[in-house]
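Colleague: I should be grateful for a close look at the disulfides of this protein, with the surrounding structure described as far as it helps to place them.

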Amino acid sequence: MKHRGRHRRRRRGRALRATLAGTALALTAAATMISASQATVADAPGALKPVSASDGAGRLPLAEHRVPGRWLDRLASEMGRPVGVGTVLENADVPLREAADCPAPEKHALPVEPAATRAYCFGGSDTRGWRAGAVTTSGDADDDGRWGGNRVILSGWTRGAEGGSLDGPAPGQGLAKVAFVDANDPGAPRYTWALLAVPVDGGRDYRGLVSPLSGMVWYQDKLLVTTREGDRNALYVYDMDRIQRATVESDAVGRVRGGWAAHGYRFVLPAVGSYTLPGGDDAARPATVSLDRSTSPDSLVASEWVPADGDRHTRLWRYALSRDPARSGLLATDSAGGADPVEAYETKTADVRGVLAHRTGWYLDRASGSPGGHGTLWRQDTDGARAAECGTDGTRHCWSGRSGSLSYWEETGEVWSQSGRMLFALPLTSIDRALD
């Protein structure tokens, strides 16, 4: 039986590669129809410009705040003992569909060049009315690529933000949830949902996080997510060992008659901390983040969002992560609880929806300039910028259509991203080859 299962997985793998290859060819054909005038939208932004991380454009100090331990303990005493990622995965019962079974309009969002080597799609019923955003994996969490022996992908979604911008959900909309994807069997990934929440009233209740999830990093036992909730919040922090079970199935969020609800989902993550921005209406704000394991210590990199018609350049920052075992998964801070960037740059690339740094290169995912179009993935450093070309006119609109965050799984060498309902991966080496 084991041999037959392995043969079935091989056949599925061959079929998937053939499907993705066919999709890439079809998208390449479509790309040839893009006019030369459209191709110039993605003109090379040039080299990264280093700026001082201690003043001016490079300065973005973040202040760390912890949710009081007694608040979290009170929640746990009321809701029951917290669980970990393994327990959540045991409840992962919704299958992701392989690319061959995904609708053609969804697959159109996949990159043209280089092509994805693995791709899946979420169904419509539990994502309808939600907008896909950030991606991170157990490859970020631990350098062996596993968490408790499991391979895991986290996919972030925001309610009521479909087609919206990074400015945030419209009034009356919001809520943020994360799909915990059991990726132990690449041929049959399955997932379940957890709602992101914020403790209130001394830990006697919680409310839903109301913010688009445009950036997310799972590092050690912490999950850091970008937020536009409020004027000064930059990142919320969640503890992957403090996941609570909801006890009442209800669309409500928080304490309800008879127990605790999480908008109908089985699990909820209450925030354990946050990083806030300095005061002032013009303070920059991280819009997307990722992990860089090629530095010592490991670091968090961030990009702000500047619209294509903005009047200034986009800023990039790098923050060191703490080496203190008592501060696992958190940023390195000074004695006052402040985290200052250790590097900062400016780039002419606008409308950045995903950022990744590895060794000397920064990879910036720029959104499409038109509905239904494809975006551009730039690799920049202090010497210049490169992007893949596709189609007969050499357009650089070759990346995914509805751009999302980037996450590098070092153990497998893959970059993961999300475009609409499509979750996909491809080797970093193939990206670099396409850019050379």
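Modeller: The account below begins with the chain as a whole, turns to the disulfides, and then follows the neighbouring elements.

The model is a predicted one. The protein chain is built from seven helices and 29 strands. Of its 436 residues, 57% count as buried. Among contacts between residues at least 6 apart in sequence, 67% join residues at least 24 apart. The accessible surface of the chain comes to about 17,700 Å², and carbon and sulfur atoms account for 48% of that surface.

A search of the whole structure finds two disulfides. With the bonded cysteines numbered in sequence order, the pairing is 1-2, 3-4.

One disulfide is formed by cysteine 102 and cysteine 121, whose sulfur atoms are 2.2 Å apart. This pair links distant parts of the chain, its two members being 19 residues apart. Cysteine 102 sits in the loop between strand E4 (97–98) and helix H5 (104–107), while cysteine 121 belongs to strand E5 (residues 118–121). The angle about the S-S bond is -105 degrees, and the link is left-handed. Is cysteine 102 buried or exposed? Cysteine 102 counts as buried because its relative accessibility is 6%, and the limit for that class is under 20%. Cysteine 121 is likewise buried, with a relative accessible area of 0%.

The other disulfide joins cysteine 390 to cysteine 398, with 2.3 Å between the sulfur atoms. The torsion about this S-S bond is about -105 degrees, and the disulfide is therefore left-handed. Cysteine 390 has a relative accessible area of 5% and so is buried. Cysteine 398, at 1% relative accessibility, also counts as buried.

The end of strand E5 leads on to the aromatic residues. By the rule applied here, the count comes to eleven aromatic pairs. One of these pairs consists of phenylalanine 122 and tryptophan 157, set edge-to-face. Their ring centres are 5.2 Å apart, with 75 degrees between the planes. The two residues come from distant parts of the chain, 35 residues apart. Phenylalanine 122 is in the loop between E5 and strand E6 (130–137), and tryptophan 157 is in strand E7. Phenylalanine 122 is buried, as its relative accessible area is 1%. Tryptophan 157 is buried as well, with a relative accessible area of 1%. Both residues are members of one aromatic cluster, formed by Phe122, Trp130, Trp157, Tyr191, Trp193 and Tyr265.

Next come the nonpolar cores. The largest nonpolar core has 28 residues, and within it Phe180 and Tyr238 touch the most other members. The elements that give two or more residues to this core include helix H4 (85–90), strand E7 (152–159), strand E8 (176–182) and strand E9 (190–200). Strand E13 (233–239) and strand E17 (267–276) are also among them. Apart from this core lies another, of 27 residues, with Trp193, Ala197, Ala262 and Trp416 among its members.

Further along the chain, glutamine 418 lies in strand E28 (residues 414–419). Is glutamine 418 buried or exposed? Glutamine 418 counts as buried because its relative accessibility is 2%. Its side chain makes a polar contact with the side chain of serine 155, at 2.5 Å.

Threonine 412 lies in the loop between strand E27 (406–409) and E28. At 35% relative accessibility, threonine 412 counts as partly exposed. The side chain of threonine 412 makes a polar contact with that of glutamate 414, at 3.1 Å. Threonine 412 and leucine 428 are 16 residues apart in sequence, and their C-alpha atoms are 9.6 Å apart in space.

Leucine 428 brings the account to helix H7 (residues 428–435), which is mostly covered, since six of its eight residues are buried. Those buried residues are Leu428, Ser430, Ile431, Asp432, Ala434 and Leu435.

To return to the request, the two disulfides are those of cysteine 102 with cysteine 121 and of cysteine 390 with cysteine 398.

Methods: Residues numbered from 1 in each chain as written. Predicted model: local features only at pLDDT ≥ 70, side-chain atom pairs only at ≥ 80, totals over all residues. Heavy atoms only, no water. Core = buried A, V, L, I, M, F, W, Y, C linked by side-chain atoms within 4.5 Å. Buried < 20%, exposed > 50% of the residue type's maximum accessible area, 1.4 Å probe, protein only. Helix = DSSP H or I, 4+ residues; strand = E, 2+ residues; numbered from the N terminus. Disulfide = S-S within 2.5 Å. Contact = heavy atoms within 4.5 Å. Areas by Shrake-Rupley, 256 points an atom, 1.4 Å probe, with all protein chains shown as cover. Polar contact = N/O pair within 3.5 Å; in protein donor to acceptor, adjacent residues only side chain to side chain. Phe/Tyr/Trp six-rings, centres within 6.5 Å; stacked < 30°, edge-to-face > 60°.
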